[in-house]
Amino acid sequence: MKLFELKKGDRAIVKKIDIEKDALVRLNLLGFTENVIIKVVRFAPLGDPIEILVRDTHVAIRKSVAKFIVVEKVL
């Protein structure tokens with residue numbers, strides 16, 4: 001499942017980030033690494049960007065980036 005498919009309040013584990021190197025480095029600096037647990041906090045009024053809680057930090061990412069992040073939903 002891709003990150004952008006999650007709903008508000010969903011928690012997930014990042015399994016893979018399949019994006020170009022420059023964007024991957026930026027996501028890693030923001031805390032998005034494999035096996036990290038994330039939570040979808042909310043969506044902007046028009047659905048883009050998405051606010052994500054990752055490592056106690058709120059990060060906003062666009063859906064165009066979120067489609068490259070593979071996650072596994074945590075119940």
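## Starting from one contact

The side chains of Glu51 and Arg42 are joined by a polar contact of 2.5 Å. That's our way into this structure, which is a predicted model. The pair also counts as a salt bridge, with the closest N and O atoms of Glu51 and Arg42 sitting 2.5 Å apart.

Let's stay with Glu51 for a moment. You'll find Glu51 in strand β3. Is Glu51 buried or exposed? Its relative accessibility is 15%, so Glu51 counts as buried, the cut-off being under 20%. Arg42 isn't its one and only polar partner, either: a second polar contact, of 2.7 Å, joins the side chains of Glu51 and His58. Leaving out residues up to four places away in sequence, Glu51 touches Lys39, Val40, Val41, Arg42, His58, Val59 and Ala60.

Now hop over to His58. This residue belongs to strand β4, which covers residues 57-61. Besides Glu51, the residues in contact with His58 include Val41, Ile52 and Leu53, once neighbours within four places in sequence are set aside. For a sense of scale, compare His58 with Arg11: they're 47 residues apart along the chain, and their C-alpha atoms are separated by 14 Å.

Time to zoom out to the sheet. Which order do the strands take? Read across the open sheet of five strands and you get β4-β3-β2-β1-β5, with antiparallel pairing. At the edges are β4 and β5 (69-74), each of which pairs on one side only. From one strand to the next, the twist averages 40°.

Let's look at the β5 end of that order. Strand β1 (residues 11-17) pairs with β5 in the antiparallel sense, and six bridges hold the record of that pairing. Take Arg11 as an example: its bridge partner in β5 is Val74.

Side chains link up around here too. The structure holds four salt bridges, and one of them joins Asp10 to Lys73, with the closest N and O atoms 3.5 Å apart. Asp10 lies in the segment before β1 and Lys73 in strand β5, so this salt bridge ties together parts that are 63 residues apart in sequence. The two partners differ in how much surface they show: Asp10 is buried, with a relative accessible area of 14%, while Lys73 is partly exposed at 41%. Another salt bridge brings together the side chains of Lys15 and Glu72, at 4.0 Å from N to O. Here the link runs between Lys15 in strand β1 and Glu72 in strand β5, 57 residues apart. Lys15, at 35% relative accessibility, counts as partly exposed, and Glu72 is partly exposed as well, with a relative accessible area of 45%.

What about the greasy side chains? In soluble globular proteins, nonpolar side chains tend to be buried together. In this model, the largest nonpolar core has 19 residues. Which of them have the most contacts inside that core? They are Leu3, Phe32, Ile38, Ile61 and Ile69. The sheet is well represented: β1, β2 (37-43), β3 (50-54), β4 and β5 each supply at least two residues of this core.

Ile61 makes a good last stop. Ignoring neighbours within four places in sequence, Ile61 is in contact with a list of residues, among them Leu3, Phe32 and Ile69. Its other contacts include Leu27, Pro49, Ile50, Ile52 and Ala66, plus Asp48.

Technical notes: Residues numbered from 1 in each chain as written. Predicted model: local features only at pLDDT ≥ 70, side-chain atom pairs only at ≥ 80, totals over all residues. Heavy atoms only, no water. Helix = DSSP H or I, 4+ residues; strand = E, 2+ residues; numbered from the N terminus. Contact = heavy atoms within 4.5 Å. Pairing = 2+ DSSP bridges. Axes fitted to C-alpha atoms, helices over the stretch in contact; angles between N-to-C directions. Core = buried A, V, L, I, M, F, W, Y, C linked by side-chain atoms within 4.5 Å. Buried < 20%, exposed > 50% of the residue type's maximum accessible area, 1.4 Å probe, protein only. Polar contact = N/O pair within 3.5 Å; in protein donor to acceptor, adjacent residues only side chain to side chain.
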